[in-house]
Amino acid sequence: MSTLLNLSFLDLYRWQVIARFVLAIFGGYFLSAATSSVLTLILPFSAVDAVLVATTLSIAFYSLFFIMTFAVKSLSKIATCYVILGLFLSHFIVQYSEWL
Amino acid sequence: MKGSFFRTMTWLHTWVGLLTIWLLILIFFAGMMSFFRSEINLWTQPGLHKALIAQQDAKTQNEQIDFAVQYLKKNAPSSTSWWILPSNDRQPLLEVAYQEQNEPGKRSSFVSQYFAIDEYFTPLTTIDSKGGDFFYRLHFDLHYLSPITARWLVCFASLFMLIALISGIIIHKRIFKDLFTWRSGKGLRTWLDSHNVSSVIALPFHLMITYTGLVTLIFMLFPSPALTKFNGDFGAFFKALDNTRMSIDVAHQHSDMLATKQWLEQVYTNWGEVPLKRIIIDHPGDANATIKVFASTGQRIQDSEPTILLNARTGEQLARSNESLSIPHTFYDSMTALHTGRLAKPMLRWLYCLGGLLGLAMLITGAILWVNRRLNIHEKAHFGCQLVKSLNLAAIMGLPLATVSFFWANRLLPTQMQGRAEQEIAVFFFVWLSTLLFASISQNILQWQRLAWLNVVAWAGLPVLSALITKNPTHLALLNGQTILWAFDFVFLLSALFFATVAVKLHSRSNRVTVSKIEIQTWK
């Protein structure tokens, strides 16, 4: 019985780690790409310059989201955060760009 | 996730680092070698060595270009593209290349010809070798993989490196103090100190090189901002970024090119008599032929060269770009410039190299630290630990051994061999794979010692071998002022000395190993 309990505990922990990595790698990518994309629509530069600055900053956003994914204690809280932010940013892109 | 924020960050630092550390060692190593790409190119081509002897009255840039155009007109009249690369500080010779027309469906290939910039433009012979370009490509294209797959892998590893750096800074409480802290002979503590010192001394370099490295591949990694702003049209973005990137239709009508002097004069009217990086003439002989001239950026922190596009028949100016960059553009472009380090004079180039070495030291000590810590916790090494130990040995001792083998192969393989360049690279990977197999048998100190001594022999033997094959020993190179050649010999011997020191250190360690086992047990 105790080994069974141990196993399920380990599995839960493992799944949580995998979930966070998936969230950080793919979710983080999506959010940073979306943030940079929205930034190109806001920055008061010429079109090319806005893209260059926003794209260059996207790595900083990615690192930030990545670290944040692991820093926040509750997995569900961070997942909710991802969904809300992702929806908001994609809505913005669809609204103001003819891409997609 | 793991209790406190600091503990989580420590956990993240360890695992993110461990997952990609060997790929990062390869990327860092190849990147460090790439700072000397031109120099390695020259070393691997003994036929070019005589051009390294300083010329009394070397030909000027204009004379070189004039000669190149005449040469190309005579030798490649039906080629679709001509390239002219005038001499520069790092490559004191003229390079002329043209695209060779292959049968339709096959990829066209470039034929290169080098000339000394002496009185007669003596043609120089080359052998089939990738030289420094191999390490440059290895840095981001790896090898035996499709470039796109490789670049995504490299980006992924670099991103993890950035995360490891940031989390490393977070968990590091005494950055300034640790600059001056190194306790020798204390086992785990010493490895940790070494890891800290190598990270902290060059921390700005590590952060810069990782971030800017990602910036060099940024449009592959993050295409969405450009797509958003340009409504899904990537081509439109690149055209707006550099308006000299236009494709001009061939007229299929023969026409003579403007005299070299005339179009050069037009270039100099715009820029003054600047050193030119390269000239590309597309569709020479056609009525719609174009001349694209790239100015050298010299020591400026700018990577995109100022460019002028001219009509080759009339000299009409079609487009210009990158002459004065806007501030946002500079924000992006300077990052690429810092990463590639093309702006570096020899002193700064060696500083770049030192940064790379410290980066390698950081990665290596990190990898060793992980194993040693595990060994302290679990006395018996499990499979994962075994694997990490083998990979460490293969990366740390095997990579230099593979590199030195590449140089040996460059001197030893017959010059007329079929697919010679690919064979040199095959030697590199064969030796590396062999060390991995060797390391998988056992990873004890004896194995480390054996590989260290093998490195000593290989590195120390290289100047001798090179002198025998090229008949140009170190002292002659020194007398002739062929700086690159004797500097290479010097670095080879220095590497040998380094591995000898390591081997001797390992020797005294292996004598002490029985003692330290008892130490570990008491420590626990």
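1. Starting at the sheet: B:Tyr114 has B:Leu124 as its bridge partner in S4(B). Keep in mind that this is a predicted model. The strand on the other side of that pairing is S3 of chain B, residues 109-115, and two bridges tie S3 to S4(B), with the two running antiparallel.

2. Zooming out, S3 and S4 belong to an open sheet of eight strands in chain B, ordered S4-S3-S2-S1-S5-S6-S7-S8, with antiparallel pairing. The edge positions go to S4 (123-124) and S8 (317-321) of chain B; each has a single partner strand, so one side of each has no neighbour in the sheet.

3. On salt bridges, the search over all chains of the whole structure turns up 13. One I'd look at is B:Glu39 with B:Arg90, where the closest N and O atoms sit 2.9 Å apart. This pair connects distant parts of the chain, with 51 residues separating the two. B:Glu39 lies in helix H2 of chain B (residues 37-43), while B:Arg90 is in the loop between strands S1 (81-85) and S2 (94-100) of chain B.

4. Next, the domains of chain B. There are three: domain 1 covers 46-126, domain 2 covers 218-339 and domain 3 covers 378-524. Where domain 1 of chain B meets domain 3 of chain B, six residues come from domain 1 and seven residues from domain 3. Together these two domains of chain B bury about 540 Å², with 66% of that on carbon and sulfur atoms.

5. Which three residues supply the most of what domain 1 of chain B buries against domain 3 of chain B? They are B:His49, B:Leu52 and B:Ile53, which give 76% of the area on the domain 1 side. As for polar links, zero salt bridges are counted between domain 1 and domain 3 of chain B, and one residue pair is in polar contact, counting pairs with both residues at pLDDT 80 or more. Sorted by class, the domain 1 side of this chain B contact holds three nonpolar, one polar and two charged residues.

6. Now the interface of chain A with chain B. Here 36 residues of chain A and 44 residues of chain B are in contact. The buried area comes to about 3600 Å², and carbon and sulfur atoms account for 79% of it. How many salt bridges cross between chain A and chain B? The rule finds zero. There are, however, 11 residue pairs in polar contact between chain A and chain B, with both residues at pLDDT 80 or more.

7. Finally, the chain A side of that interface. Two elements of chain A give two or more residues to the side touching chain B: helix H1 (2-42) and helix H2 (47-71). H2(A) gives the most, at 18 residues. By class, the side of chain A that touches chain B has 23 nonpolar, nine polar and four charged residues.

Terms used:
Residues numbered from 1 in each chain as written. Chains lettered and ligands numbered in written order. Predicted model: local features only at pLDDT ≥ 70, side-chain atom pairs only at ≥ 80, totals over all residues. Heavy atoms only, no water. Domains from an automatic or database assignment. Contact = heavy atoms within 4.5 Å. Buried area = accessible area lost by both parts, 1.4 Å probe. Salt bridge = Lys/Arg side-chain N within 4 Å of Asp/Glu carboxyl O. Polar contact = N/O pair within 3.5 Å; in protein donor to acceptor, adjacent residues only side chain to side chain. Nonpolar A, V, L, I, M, F, W, Y, C, P; charged D, E, K, R; others polar. Pairing = 2+ DSSP bridges. Helix = DSSP H or I, 4+ residues; strand = E, 2+ residues; numbered from the N terminus.
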